[in-house]
Amino acid sequence: MALLEILEYPDPRLRTEAQPIARFDKALQKQIDDMFETMYQAPGIGLAATQVNYHHQLIVIDISDDQKSPLVLINPKIVKKEGVEEREEGCLSFPGVYAKVQRADRVTVEALDRNGQPFTLEADELLAVCIQHEIDHIEGRLFVDYLSPLKRERIKKKLKKLNKGR
Ligand code: NI
């Protein structure tokens, strides 16, 4: 396995719309394993392929404390949304940035697993938020898009300063 480079805001490649996946070959399995390793090492609870400059509809998630509940979503589609909740979100493409975002509290998602088998998942609370956040990524959307332009500008400046210090 290998650690992948995570693109950071405002990298324009984060705005790429990912393509659906049709081939479930060895290369895809390696990409999935590398994304889990990268996410666990960061550490984070979700990583979208777009964030590692791989523009296909692939998401890895693990919201467990012991990193033992890996979830792979390929070509995911949210088919049902219910309720509203506001949660503080972070993102591996925005180191040190957290902001409250309003999202659906429960979602039903249809996706393929790492072998191409379809499944349906009902999620609520943190997992529901995480799924919506990651699906946004593969559609080129970012959690700061939900914030005011002023807040977004502040975050951009903060991250630019951080990058200069490296
Ligand atoms: Ni993110």
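**Group meeting: helix 2, the sheet and the nickel site**

Helix 2 lies across strand 1, strand 2, strand 3, strand 6 and strand 7, and it runs at about 125° to strand 7. Before I go on, a reminder that this is a predicted model.

Let me stay with this helix for a moment. Helix 2 covers residues 125-138, so to speak of its length: 14 residues, with 21 Å from the first C-alpha to the last, close to the 20 Å expected at 1.5 Å a residue. Of those 14 residues, 12 are buried, so the helix is largely enclosed by the rest of the structure. The buried ones include Leu127, Val129, Ile131, Ile135 and Ile138, and also polar residues such as Gln132, His133, Glu134, Asp136 and His137. Just after helix 2 comes Gly140, with a positive phi of about 85°.

Now the metal. Which protein atoms are the donors of the nickel ion? They are SG of Cys91, NE2 of His133 and NE2 of His137, at 2.1 to 2.2 Å from the ion. Along the chain the donors follow the spacing C-x41-H-x3-H. Cys91 and His137 are 46 residues apart and link distant parts of the chain: Cys91 sits in the loop between strand 4 (85-89) and strand 5 (99-103), while His137 belongs to helix 2. Cys91 and His137 are both buried.

Next, the sheet. It is an open sheet of 5 strands in the order 1-2-3-6-7, with antiparallel pairing. At the edges stand strand 1 and strand 7 (118-124); each has a single partner strand, so one side of each is left without a neighbour in the sheet. On average, neighbouring strands are turned by 40° against each other, direction ignored. Helix 1, residues 26-41, also packs on this sheet, where it touches strand 1, strand 2 and strand 3, and its direction makes about 40° with that of strand 2.

Going through the pairings: strand 1 (residues 46-48) and strand 2 run antiparallel and are joined by 3 bridges. One bridge pairs Leu47 with Val60 in strand 2. Strand 2 then pairs with strand 3 (residues 71-82), again antiparallel, over 4 bridges, and there Ile59 has Leu73 as its bridge partner. Between strand 3 and strand 6 (residues 106-112) there are 6 bridges, also antiparallel; here Lys77 is partnered by Glu110.

Are the faces of strand 2 covered or open? In a regular strand the side chains alternate between the two faces of the sheet. In strand 2, residues 58-61, both faces are covered: Leu58 and Val60 are buried on one side, Ile59 and Ile61 on the other.

Two single residues to finish. Asn75 is in strand 3. At 15% relative accessibility it falls under the 20% limit, so Asn75 counts as buried. Its side chain reaches the backbone nitrogen of Ile21 at 2.8 Å. Leaving aside neighbours within four places in sequence, Asn75 is in contact with Pro20, Ile21, Gln57, Glu110, Ala111 and Leu112. Of these, Glu110 has already come up as the bridge partner of Lys77.

The second residue is Lys68, in the loop between strand 2 and strand 3. Lys68 has 65% relative accessibility and therefore counts as exposed. From Lys68 to Tyr40 the C-alpha distance is 10 Å, with their positions 28 residues apart in sequence.

Terms used. Residues numbered from 1 in each chain as written. Predicted model: local features only at pLDDT ≥ 70, side-chain atom pairs only at ≥ 80, totals over all residues. Heavy atoms only, no water. Helix = DSSP H or I, 4+ residues; strand = E, 2+ residues; numbered from the N terminus. Expected span 1.5 Å × (residues − 1). Buried < 20%, exposed > 50% of the residue type's maximum accessible area, 1.4 Å probe, protein only. Donors = N, O, S within 2.8 Å, 3.2 Å for Na, K, Ca; no water. Pairing = 2+ DSSP bridges. Axes fitted to C-alpha atoms, helices over the stretch in contact; angles between N-to-C directions. Contact = heavy atoms within 4.5 Å. Polar contact = N/O pair within 3.5 Å; in protein donor to acceptor, adjacent residues only side chain to side chain.
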